[in-house]
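I opened a fresh page for this chain and kept my notes in the order I looked things up. Here is what I am working from.

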Amino acid sequence: MKTVVMTSLLAALAAAVAAPAVAQAVPHGLTDPTRPPAVMALPGSDAEPAGPAAPVLQSILVSREAGGRRVAVINGELVKQGMKVGDAIVERVGETDVVLRRGKARETLRLFPKP
């Protein structure tokens, strides 16, 4: 009896695994809310942006301890002072903003942009 039940369960499991997955098409003009942002797309995928993406500040982590770490997430990458973001260098990680430097030009990315 146990062998018959176990065999039936294994057959059902094999049928479920072997069944083809059916994907639902997304209507034209709508985006899939579960799809990762284009900046996180793998090279060669259809979600790859056409040109270089503008830097987008997504998060800042600041240690409250003196001399503690300050890191930011820009375009899905964890960066700290001195690291490169595209063609810019992270000059400063503040509590609510990050300053990028490209040569002599500076760009401030704000966590909460002004309206």
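**Entry 1: the overall layout.** I began by counting elements, and the protein chain comes to one helix and seven strands. Reading along the sequence, I noted the pattern α-β-β-β-β-β-β-β. I wrote at the top of the page that this is a predicted model. Next I looked up burial: of the 115 residues of the protein chain, 17% count as buried. The chain exposes about 9200 Å², and carbon and sulfur atoms supply 61% of that area. I also checked how far contacts reach along the sequence. Among contacts with a separation of 6 or more, 26% are between residues 24 or more positions apart.

**Entry 2: the open sheet.** I traced an open sheet of four strands, and its order is β4-β5-β6-β7 with antiparallel pairing. Which strands stand at the edges? I found β4 (84-85) and β7 (105-110) there, and because each has a single partner strand, one side of each is left without a neighbour in the sheet. I then followed β6 and β7, which pair in the antiparallel sense over six bridges. These two strands form a hairpin with two residues between them. In the turn I noted G103, with a positive phi of about 65°.

**Entry 3: the nonpolar core.** I listed the largest nonpolar core and got 12 residues in all: L57, I60, A72, I74, V79, V85, A88, V90, V93, V98, L100 and L109. I then sorted them by strand: β1 (57-62), β2, β5 (88-93) and β6 (97-102) each supply at least two residues of this core. Which strand gives the most to this core? That is β5, with three residues.

I stayed with one core member, V98. Leaving out residues up to four places away in sequence, V98 touches L57, I60, A72, I74, V90, R92, V93, E107, T108 and L109. Across the hairpin, V98 stands opposite L109 in β7.

**Entry 4: D97.** I moved to D97, which is also in strand β6. Is D97 buried or exposed? I have D97 down as buried, because its relative accessible area is 12%, and the cut-off for buried is under 20%. Its place opposite in β7 is taken by R110. R110 is also among the residues that D97 touches, along with L57, I60, R92, T108 and L109, again not counting residues up to four places away in sequence. With R92 I found a polar contact of 3.3 Å between the two side chains. For I60 I noted the separation: D97 and I60 are 37 residues apart in sequence and 7.9 Å apart in space, C-alpha to C-alpha.

**Entry 5: N75.** I looked up N75 for its backbone angle. Its phi is near 50°, a positive value in a residue other than glycine. N75 is in the loop between β2 (70-74) and β3 (77-80). I expected to check its exposure too, and N75 is buried, with a relative accessible area of 14%. A polar atom of the N75 side chain lies 2.7 Å from the backbone nitrogen of V56.

**Entry 6: salt bridges.** How many salt bridges does the structure hold? I counted seven. A reminder to myself: side chains of opposite charge can pair when their charged atoms come close.

The side chains of E95 and R64 meet in one of them, at 3.2 Å from N to O. E95 lies in the loop between β5 and β6 and R64 in the loop between β1 and β2, so this pair ties together parts that are 31 residues apart in sequence. E95 counts as partly exposed at 43% relative accessibility, while R64 is exposed at 70%.

The side chains of R102 and D87 meet in another, at 2.8 Å from N to O. This pair links distant parts of the chain, with R102 in strand β6 and D87 in the loop between β4 and β5, 15 residues apart. R102 also forms a salt bridge with E107, the closest N and O atoms being 2.7 Å apart. I therefore drew D87, R102 and E107 as linked in a network of salt bridges. On exposure, R102 is partly exposed at 30%, D87 is exposed at 56%, and E107 is partly exposed at 27%.

Methods: Residues are numbered from 1 along each chain as its sequence is written. This is a predicted model: local features need pLDDT of at least 70, side-chain atom pairs count only at pLDDT 80 or more; totals for chains, interfaces and linings use all residues. Side-chain values use heavy atoms; hydrogens and water are left out. Buried means under 20% relative accessible area, exposed over 50%, partly exposed in between (1.4 Å probe, protein chains only). A nonpolar core is a set of buried Ala, Val, Leu, Ile, Met, Phe, Trp, Tyr and Cys residues joined through side-chain atoms within 4.5 Å. Contact means heavy atoms within 4.5 Å. Two strands pair if DSSP finds at least two bridges between them. A polar contact is a pair of N or O atoms within 3.5 Å; within protein, one must be able to donate a hydrogen and the other to accept it, and residues adjacent in sequence count only if both atoms are side-chain atoms. Accessible areas come from the Shrake-Rupley method with a 1.4 Å probe; for residues, only the protein chains shown count as cover. A salt bridge is a side-chain nitrogen of Lys or Arg within 4 Å of a carboxyl oxygen of Asp or Glu.
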